[in-house]
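These are my notebook entries on a structure I looked up residue by residue. I begin with the ligand and then turn to selected positions along the chain.

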Amino acid sequence: MNRTRPILKNFMMQDPIGPVTRLEGIGPVRAQRLARLGVACIRDLLFLLPRRLREWAEPVSVAEASDRVGSTVTVRVRVRGVRLTRFGGRRSLVRVKVADESGEIDALFFNQPWMREHVRVGDDVELHGRVVDAKGAALASPKLGTSAKPLPSPGTVVPEYPLTDGVSQDFLAALCRSAVARYGDGVVELLPHDILTRLGLPPLPEAVASAHAPANAAEFDAARRRLAFESLLGVQARLQLARTGRSGRATAARIADARHAALLDRYPFALTVAQRRIAGELRSDLARTSPMRRLVQGDVGSGKTAVALYAAMVVAESGGQSAFMAPTELLAEQHFFGLRPLLERAGLACDLLTGSLARRDRRQVLERLEHGGLHVLFGTHALFSADVRYKRLDLAIIDEQHRFGVGQRAALADKGDDVHTLLMTATPIPRTLALSLYGDLDVSLLDEMPPGRGEVTTRWVRGAERRRVPALVRERLAAGEQAYWVCPRIGAEEDAEEESLARIAGAEQRFARIQESEVFAQLGVELVHGRLPAEERARRLDRFRRGEAKLLVATTVIEVGVDVPAATVMVIENAERLGLAQLHQLRGRIGRGPAPSQCLILGDAVAEHRFRLLEECRDGFLLAEEDLRQRGMGDLAGVRQSGDNLEGLDDPERDLDLLIAARDLARERPDVCALYGAGERATP
Ligand code: ADP
Ligand code: MG
């Protein structure tokens with residue numbers, strides 16, 4: 001994650017103590033450069049947290065330094081020769097030849113002609129700098145230590161700041177230190193002493209001082225944690241205030257025990273123990289007037305939809321409406337067609353709102369919705385567009401929530417802070433992220449698979465064996481089973497600029513090739529991808545669902561939702577183009593019936609690591625976490641934009657305790673919460 005470190009806000013310092021130009025040596029030009037680091041006022045400087053700590057290492061011998069091109073070293077040497085070369089203009093080079101008993105090395109000083117006078121042959125000096133290869137090893141523009149002014153001794157720690165063009169490490173360090181010296185007194189601690197003691201954190205003024213001039217690594221770390229806590233608490237306090245503002249505003253939907261049991265009996269299957277447990281949690285969430293914020297995490301196929309349906313039924317019983325939002329039209333349709341029979345049998349009305357609806361039909365749906373003629377509305381994020389008005393929206397169900405961006409979630413929030421919200425995902429959000437994004441999100445784990453699922457084996461098929469794949473698929477189809485053939489791209493021409501393209505099969509090409517084979521053509525083959533009109537796509541999918549087509553060639557549009565229990569084979573081409581979590585989602589389409597299934601992965605060895613993991617691991621949570629590790633937290637959908645909630649935390653897992661402590665404090669201490677939750681008031 002390559003994000004400039006945000007400045008930690010100090011929520012307490014009322015007075016920003018003025019712009020940086022008030023400091024000696026800072027004119028408009030430098031002020032502008034500092035602004036690129038987010039530093040505008042002196043307070044920003046005080047709270048500019050160094051990225052890390054660097055420790056001055058023991059000196060090495062010249063021989064060793066020569067062997068370490070690329071690294072930064074210190075040597076203790078005697079000066080053997082000094083030579084100045086001028087290149088015209090202001091460009092010059094001073095080449096200082098130095099040596100110890102192990103050998104000789106040159107130190108190069110660019111455009112610092114005064115260096116020729118500064119060092120003399122016979123002097124004993126220390127040099128600290130990067131070893132470069134300039135026709136032999138040399139030290140490039142090293143720092144110079146003399147007996148009068150030695151370098152910091154080994155073991156000394158110095159903070160390293162985030163930098164920008166024209167702002168050097170030394171300059172910024174000196175600037176911060178002088179800001180602390182002159183203005184550090186302005187920093188006040190507002191956290192009660194007992195809280196600091198409990199958390200083992202130093203007081204804020206002390207933390208600010210030691211962040212810029214720490215005595216050792218432990219002191220720096222304590223300072224870093226104290227500053228991080230400052231901004232975490234600000235975020236959590238704001239979330240908490242928003243939450244308090246919401247409480248009491250949601251409609252409570254209460255049902256009696258007998259009703260609860262009756263609802264659970266409506267399903268065509270017996271709910272798993274985990275599903276029942278979560279239904280119970282939803283029941284008590286919905287019975288409150290503070291809006292529910294619950295995330296249900298469950299692996300692909302664990303039956304999250306059934307759980308969501310329960311919540312919608314409870315809300316409908318009390319006269320409220322539910323919006324059931326899916327990330328794709330395909331999935332929204334699937335939910336609608338899958339759940340409608342059940343809802344109708346229960347006497348509840350539902351409909352589907354998609355972008356492809358004719359205008360008249362759309363108007364009809366909207367009218368029914370506004371007049372309370374609908375209990376559940378299925379759809380994509382269009383469910384929350386401005387012209388969609390609910391009579392009484394009590395519950396928002398968001399399926400595959402990780403696929404929605406921040407903007408879409410905001411649109412939902414606009415429809416009402418007071419709406420109960422149920423989020424569902426097969427991609428686990430690490431606890432730290434959930435906490436920092438939502439503050440008070442409750443999480444339920446659907447950790448049990450419905451019974452009667454066949455085993456899915458996954459295999460990476462390579463080399464000559466690839467040629468046997470069509471025959472293998474044919475065999476299964478002939479036995480009455482069905483198969484998916486997935487290609488990441490729709491057409492091969494799509495990104496013609498890419499070199500490797502010739503080898504990337506598009507779904508269209510694959511479909512054409514497969515149809516050439518008479519056997520396949522007789523068994524029935526369909527093609528679906530995202531560019532088909534929704535109706536046409538639904539028609540083709542239906543043919544596959546009913547078994548009229550045995551083979552479905554598809555792009556990753558089928559990644560979520562498609563549910564055909566007779567499908568037992570999945571072939572994935574160019575699998576190297578897909579991430580771990582995505583591949584796992586895809587293979588979740590098979591193994592939905594009792595028969596054993598197989599997933600055949602065709603892909604380049606660059607992704608071998610991923611393929612091996614898939615072969616060995618069936619746990620979607622483990623895979624998602626591994627995926628996260630590989631791609632970095634910032635890639636998780638929607639997280640980058642909200643990354644500022646994690647400010648101060650390079651490694652959120654390490655500071656999880658702080659995050660939790662900040663949340664608890666915001667919850668338990670209204671006084672502290674009010675102080676910090678006002679947040680931005682300290683901004684100049
Ligand atoms: P996901 O958690 O991936 O969204 P779904 O809700 O789509 O999973 O459920 C996958 C399949 O399992 C569906 O066909 C659904 O009808 C079925 N299912 C859900 N719960 C049960 C259960 N308790 N017993 C049997 N089948 C179930
Ligand atoms: Mg689902």
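**Entry 1. Ligand shell.** For the sorting of shell residues I count Ala, Val, Leu, Ile, Met, Phe, Trp, Tyr, Cys and Pro as nonpolar, Asp, Glu, Lys and Arg as charged, and the others, Gly among them, as polar. I note at the outset that the model is predicted. With that sorting, the shell around ligand 1 divides into five nonpolar, six polar and five charged residues. I then asked which of the 16 residues around ligand 1 come nearest. They are G301, K304, T305, R453 and D563.

**Entry 2. Polar contacts of the ligand.** I looked up the atoms that face the oxygen atoms of ligand 1. A polar backbone atom of G301 is 2.6 Å from an oxygen atom of the ligand. For T305, I find an N or O atom of the side chain at 2.6 Å from a ligand oxygen. S302 takes part through its backbone, where an N or O atom lies 3.4 Å from an oxygen atom of ligand 1. I also recorded how far the ligand is covered: on its own, ligand 1 has 560 Å² of accessible area, and the protein covers 80% of this. As to location, I find ligand 1 in the largest pocket.

**Entry 3. Helix 20.** Is helix 20 largely enclosed or open? I counted a residue as buried when its relative accessible area is under 20%. Seven of the eight residues in helix 20, which runs over residues 580-587, are buried, so the helix is largely enclosed by the rest of the structure. The buried residues are L580, A581, L583, H584, Q585, L586 and R587.

**Entry 4. Two positive phi values.** As background, I noted that most residues other than glycine have a negative phi. I therefore looked up two residues that depart from this. K135 is not a glycine, yet its phi is positive, at about 50°. I place K135 in the loop between strand 5 (124-133) and strand 6 (137-145). Its relative accessible area is 88%, and I list K135 as exposed. The second case is S141, again a residue other than glycine, with a positive phi near 35°. S141 is found in strand 6. I list S141 as partly exposed, at 39% relative accessibility.

**Entry 5. H128 and V73.** What does the side chain of H128 reach? I find the backbone oxygen of V73 at 3.5 Å from the side chain of H128. H128 belongs to strand 5, and V73 to strand 2, which spans residues 72-88. H128 is buried, with 9% relative accessible area. V73 is buried as well, with a relative accessibility of 2%. I also recorded the pair V73 and V62: eleven residues separate them in sequence, and their C-alpha atoms are 9.6 Å apart.

**Entry 6. C41.** Where does C41 lie? I find C41 in the loop between helix 1 (28-35) and helix 2 (42-46). Its relative accessibility is 3%, and C41 therefore counts as buried. From C41 to L23 I note a C-alpha to C-alpha distance of 9.8 Å, with their positions 18 residues apart in sequence.

**Entry 7. G603 and E608.** My last lookups concern two positions late in the chain. G603 is in the loop between strand 20 (597-601) and helix 21. At 12% relative accessibility, I list G603 as buried. The C-alpha atoms of G603 and N574 are separated by 4.6 Å, and the two residues are 29 residues apart along the chain. E608 belongs to helix 21, which covers residues 608-616. E608 has a relative accessibility of 32%, and I enter E608 as partly exposed. How far apart are the C-alpha atoms of E608 and W460? The separation is 8.5 Å, although these residues are 148 residues apart along the chain.

Notes: Residues numbered from 1 in each chain as written. Chains lettered and ligands numbered in written order. Predicted model: local features only at pLDDT ≥ 70, side-chain atom pairs only at ≥ 80, totals over all residues. Heavy atoms only, no water. Near = heavy atom within 4 Å. Polar contact = N/O pair within 3.5 Å; in protein donor to acceptor, adjacent residues only side chain to side chain. Areas by Shrake-Rupley, 256 points an atom, 1.4 Å probe, with all protein chains shown as cover. 1 Å grid on protein atoms, 1.4 Å probe; cavity = no way out; pocket = protein on both sides within 12 Å on 5 of 7 lines; lining within 4 Å. Sits in = over half its atoms within 2 Å of the grid points. Buried < 20%, exposed > 50% of the residue type's maximum accessible area, 1.4 Å probe, protein only. Helix = DSSP H or I, 4+ residues; strand = E, 2+ residues; numbered from the N terminus.
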